[in-house]
Structures are given as C-alpha cells and as structure tokens.
Amino acid sequence: MRFIGSLDQGTTSTRFIIFDETGSIVAQHQLEHRQILPQAGWVEHDAAEIWTATQEVIIGALAKAGIAGEDLAAIGITNQRETTVAWDKETGAPLHNAIVWQDTRTQQFLDSLSDEERSFIRQKTGLTIAPYFSGSKINWLLNNCPEVKAAVAQGRALVGTIDSWLAWKLTGGHNDGIHITDVTNASRTLLMDLETLDWDDRLLEILQVPRSILPTIKSSSEIYGTTSTTGPVGAGVPLAAILGDQQSAMVGQVCFEKGESKTTYGTGNFALLNTGTDIVRSGHGLLTTVCYKFGDQPARYALEGSVAVTGSAIQWLRDQLGIISHASEIEALAESVSDNGGVYFVPAFSGLFAPHWRSDARGVIVGLTRAATKAHLARAALEAVCFQTRDVIDAMAEETGITLSEMRVDGGITANSLCMQMQANILGISITRPVVSETTALGAAYAAGLAVGYWASTDQLKKQWQVSRRWEAEKGNSLRTSGYQTWQKALTRTLDWA
Ligand code: ADP
C-alpha cells in the first residue's frame with residue numbers, strides 16, 4: 001500500500017501528515033517553532049529552525065505510520081504564505097531571519113510609492129498595497145541586510161517564500177536543489193502578473209527586486225523534482241504539489257466549482273470564494289488571488305477576505321490577560337453568560353485587514369459597564385471572530401452577487417461549537433465542518449496525488465468529502481441585526497488611532 005505525505009508549514013508550527021487513498025489521516029507529527037519579535041510590529045522566524053523541524057516531523061510521522069519514505073507515492077507542500085526567506089545557495093544557510101506575513105516594518109517604504117505605482121501594482125497583482133505581502137519584505141532584506149546585499153552582489157543569494165525554501169532543501173539544497181514556487185504563493189508577492197502568471201518587469205522595478213534571485217513559478221500540481229538522498233524522506237519521492245495554506249484548504253475542502261467557498265479559522269481568518277477562470281477585481285477591499293492551477297489546466301482564481309486577528313485574539317486573552325489558561329477554555333467561560341453584556345472587542349492589534357485595510361486602526365474594547373466581566377469579554381472575543389468574517393462575506397456578496405447558502409469551515413477555532421453557532425447566527429446561513437479538519441494539509445496531498453495519478457480526478461476527491469458537523473442559523477437571533485450594527489459602530493472607534 002502507498003500513501004501521500006503532506007508537509008504543512010504554518011505560522012506557529014510545522015506538521016507532516018500521511019494520508020491514505022480515502023483521504024484519511026494515517027499518522028502525523030507536529031513541532032512548534034519560535035516567534036521572534038525584535039521590536040513592535042516586527043515578526044520573524046528562523047528558517048533554519050523550520051528546516052530542522054521539517055526533517056523531524058517527516059521522520060516522526062513516517063515512524064508513527066510504520067512506513068519508509070519510499071512508501072510515499074508523492075509529497076506536497078503547503079505553507080504560511082508571504083513569509084519571506086533569503087538564503088545562500090552555496091552554504092545552504094539563511095542570510096537573515098525570515099520576515100513573517102504579520103510583520104509591518106515595510107509600511108514606510110510602501111507609503112513612499114507614487115499613486116501611479118500603487119494603482120499599477122493593484123491592477124497587475126489583484127492585491128492591496130500592504131506590508132503583508134512578500135514584495136516589500138524582499139525589498140527590505142535587499143536594502144537593510146549587509147549579508148543579503150553581499151550575497152546578491154556575488155550571485156549567491158536566493159529568495160523565496162517558505163515553500164521555495166523547503167522545496168529547495170528537500171530536493172538537495174546546495175547540491176542541485178530546485179528553486180521554485182507555485183502560482184498561489186507567487187500571487188501573494190506583489191511581483192506576479194495575475195494574467196501571465198509570471199514575474200512582471202515593471203513590478204520588479206517598482207519594488208527593486210532582481211529577477212535572478214527569484215524562484216521559477218510553477219503550477220500547483222506537477223512533478224517538480226524528487227527528494228534527495230540526504231533529506232528526511234530519502235531519495236526519489238516526487239515532490240508534486242505546492243499550495244499556499246489558504247488555497248490548499250480550498251482544495252482540501254474540494255471547492256472546485258465557481259461559487260464554492262470556505263473559511264479557515266486559525267491565527268487569522270481567511271475566506272476564499274472560487275471565481276473559476278474569471279479574474280474578479282475587487283472594489284470592496286477583497287484580494288484577487290490564484291486559487292490553484294493543476295498542471296497544464298487553466299488557473300482558477302479566487303476572491304479572498306483576509307482577517308488578521310481572530311485566533312490570536314484568543315491567544316491574547318490567554319497570554320496577555322491570563323483570563324484563560326488554554327484556548328479551549330474560552331467556550332465554557334463565554335457560555336457562562338447569556339450574551340455579551342454590551343461589550344464589543346475589536347482586536348485591530350496591527351490595523352485592520354479586509355475589507356477595511358486600515359493600518360491606522362488599533363484594538364478597542366467598548367461598551368464596558370461596572371457589570372462587565374471576563375466572561376463578557378470572552379464572549380465578545382468569539383463574536384469578534386464571527387463579525388469580522390461577516391464583514392468579508394458581505395463584501396464578497398456585494399462584489400460578485402453570489403450569496404452563500406452554506407459555508408465550509410476548518411481550522412483550530414472550529415472546535416469551538418459556541419463560536420460556530422454564533423457564526424451561523426451572525427451570517428444567517430448554515431456552517432459545515434468536514435470529517436477531516438486538517439483540510440490545509442489534505443489540499444496539498446490531493447494536489448500531489450493528482451499529479452502522480454494516485455487519485456484519478458477531482459470528481460473522485462469530491463466524493464471523499466464528508467460532513468462531520470453542521471450548525472444552522474437560529475431564526476430571529478439579534479446578533480445578526482442589532483448586534484452587527486453595534487459591531488460596525490465599534491469598528492469606527494478603532495480608526496485614526498496609530
Ligand atoms: P494556525 O494554523 O493559524 O496556527 P490553527 O488552525 O492551529 O491555527 O488554530 C489555532 C488558533 O485557534 C489559535 O489562535 C487558538 O487561539 C485558536 N483556538 C484553538 N482552539 C480553540 C477553541 N476551542 N476556541 C477558540 N479558539 C481556539
């Protein structure tokens with residue numbers, strides 16, 4: 001029997017999950033890595049630590065499954081998007097810490113771009129001008145790190161997102177590793193033309209990035225190369241998929257048809273809507289992005305609503321306020337009161353992402369009275385997860401005219417049934433969670449399996465998707481009406497602050 005391995009390199013941890021033909025999990029191994037916070041607004045990861053963790057989780061998962069690398073028909077990579085690494089192709093070592101998607105250090109550089117440059121970038125890339133994306137992070141590395149500068153001058157520097165780093169390492173690193181990325185990751189850099197699916201010369205010029213240090217852009221599902229003898233998998237296993245984490249979750253949720261949508265609830269929230277082969281440019285603060293491209297088939301696009309802070313607000317209650325000691329405790333605490341007691345919490349810790357894109361916003365807790373308790377705050381935090389999701393889902397409906405009747409969900413917070421019930425009530429639609437909740441890893445496994453013929457078609461994959469739990473909207477729930485209106489008022493209180 002053969003299996004598919006999926007490497008899921010996330011913001012806080014790295015996991016390797018082994019799937020069988022039915023798309024069920026056979027074994028997995030996971031390790032966390034450090035969040036390096038050198039100053040306010042800066043977030044870094046050590047790419048060498050991530051590579052070490054990658055090797056350990058692959059070895060660990062293979063051992064748990066009781067199989068060898070050669071029992072894998074293929075492996076796929078899915079990754080935290082936008083996070084940017086520069087490394088030395090001769091030593092194989094990073095030249096600087098990776099700059100993480102949440103990092104805002106490049107705001108000033110982006111503010112210095114002209115209106116003409118900004119509108120060109122928006123038009124070509126479908127993105128908004130924000131430090132979130134990789135392009136300005138590469139610019140920062142090139143202009144601020146002597147090691148990177150020297151390596152570029154000597155032709156030793158390679159740059160890429162985390163997928164590129166790991167693909168290069170897995171296929172041999174400084175011994176002929178391949179320097180590639182896929183269209184979904186490249187569509188998050190501010191450097192790729194959404195139509196040609198190639199790096200664009202004018203974008204490279206505006207962001208001052210030389211093409212020579214960038215990876216080659218590939219489809220999300222094809223045999224790119226094989227694993228090397230020296231790596232954790234052993235020699236000869238096809239590396240056959242790369243997908244950014246949110247796009248991978250779309251594939252894992254089998255959202256292959258135009259109009260299908262999923263929302264992932266993790267550190268942040270990410271709602272994606274498949275728009276088929278149409279590139280829908282947003283006037284409502286959504287991002288246009290590549291959803292996936294399987295081999296030679298045309299690329300599929302998506303509209304995306306990215307919310308920066310959802311699960312991380314729960315972590316904030318745990319780590320900074322100490323009102324819970326485990327994320328899962330929030331459910332019982334929030335359930336101990338019947339409503340939010342008038343308390344609204346807008347966790348705009350580093351500004352607001354979609355659909356507002358306001359870097360001047362900062363978090364607020366409003367509506368406090370003498371009667372407010374930590375339970376009300378816990379409830380307000382869960383509601384904030386759901387209200388922010390409604391903001392982006394409403395924007396999608398305005399943009400496309402597509403009104404969802406159901407939304408597929410996944411991610412850590414979907415374990416919280418109270419929160420999912422709130423979400424159904426706030427959106428007024430049903431919410432469904434699949435049996436395999438690791439949809440991000442599953443998507444990259446599916447894309448890799450399709451590339452090597454392990455699975456025959458997307459139709460076969462669709463048949464494997466099964467509902468584990470459904471939440472229906474309760475009629476007449478006031479969160480949907482007056483609650484949402486008050487939320488919008490609370491949102492205005494965050495603006496024009498930083
Ligand atoms: P990521 O992949 O972004 O690291 P996960 O999908 O693993 O995130 O989800 C982790 C997030 O979910 C954390 O921010 C955590 O605070 C939150 N979380 C986990 N369990 C619960 C729960 N039962 N209720 C609410 N939030 C939760």
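The ligand of this structure sits in the largest pocket. The model is a predicted one, and the account below begins at the ligand before turning to individual parts of the chain.

Around the ligand there are 16 residues, of which Thr 12, Thr 267, Gly 311, Gly 412 and Asn 416 come nearest. Sorted by class, this shell consists of 10 polar residues, five nonpolar residues and one charged residue. Helix 10, which covers residues 311-321, gives the most to the shell, with four residues.

Polar contacts to the ligand involve both backbone and side-chain atoms of the protein. A polar backbone atom of Gly 311 is 3.0 Å from an oxygen atom of the ligand. Another oxygen contact is made by Gly 412, where a backbone N or O atom lies 2.8 Å from an oxygen atom of the ligand. Asn 416 contributes through its side chain: an N or O atom there is 3.0 Å from a nitrogen atom of the ligand. The ligand taken alone exposes 580 Å², and the protein buries 78% of that area.

Several residues elsewhere in the chain are buried and make polar contacts. Ser 6 belongs to strand 1, residues 3-9. Ser 6 has a relative accessible area of 0%, and it therefore counts as buried, the cut-off being under 20%. A polar atom of the Ser 6 side chain lies 2.7 Å from the backbone oxygen of Ala 441. Asn 185 is part of helix 7, residues 183-186. With a relative accessibility of 1%, Asn 185 is likewise buried. The side chain of Asn 185 is joined to that of Asn 79 by a polar contact of 2.8 Å.

Helix 9, residues 245-252, is mostly covered, with eight of its eight residues buried. The buried residues include Asp 245, Gln 246 and Gln 247 at the beginning of the list, and Met 250, Val 251 and Gly 252 at its end. After helix 9 comes Val 254, which has a positive phi near 50°.

Two prolines differ in their setting. Pro 94 is located in the loop between strand 6 (84-88) and strand 7 (98-99). Its relative accessible area is 23%, so Pro 94 is classed as partly exposed. The C-alpha atoms of Pro 94 and Ala 157 are 9.4 Å apart in space, while the two residues are 63 residues apart in sequence. Pro 434, by contrast, is in strand 20, residues 430-434, and its relative accessibility of 3% makes it buried. Between Pro 434 and Glu 195 there are 33 Å in space, C-alpha to C-alpha, and the two are 239 residues apart in sequence.

Finally, the backbone has some features to inspect. Most residues other than glycine have a negative phi, and most peptide bonds are trans. The bond joining Ala 354 and Pro 355, however, is a cis peptide bond, with omega at about -5°. Pro 355 lies in the loop between strand 17 (344-346) and strand 18 (364-366). Trp 357 is also found in the loop between strand 17 and strand 18, and has a positive phi of about 50° although it is not a glycine. Gln 208, another residue that is not a glycine, has a positive phi of about 55°. The position of Gln 208 is in the loop between helix 8 (201-206) and strand 10 (216-218), and a relative accessibility of 46% places Gln 208 among partly exposed residues.

Note on methods
Residues numbered from 1 in each chain as written. Predicted model: local features only at pLDDT ≥ 70, side-chain atom pairs only at ≥ 80, totals over all residues. Heavy atoms only, no water. Near = heavy atom within 4 Å. Polar contact = N/O pair within 3.5 Å; in protein donor to acceptor, adjacent residues only side chain to side chain. Areas by Shrake-Rupley, 256 points an atom, 1.4 Å probe, with all protein chains shown as cover. 1 Å grid on protein atoms, 1.4 Å probe; cavity = no way out; pocket = protein on both sides within 12 Å on 5 of 7 lines; lining within 4 Å. Sits in = over half its atoms within 2 Å of the grid points. Helix = DSSP H or I, 4+ residues; strand = E, 2+ residues; numbered from the N terminus. Nonpolar A, V, L, I, M, F, W, Y, C, P; charged D, E, K, R; others polar. Buried < 20%, exposed > 50% of the residue type's maximum accessible area, 1.4 Å probe, protein only.
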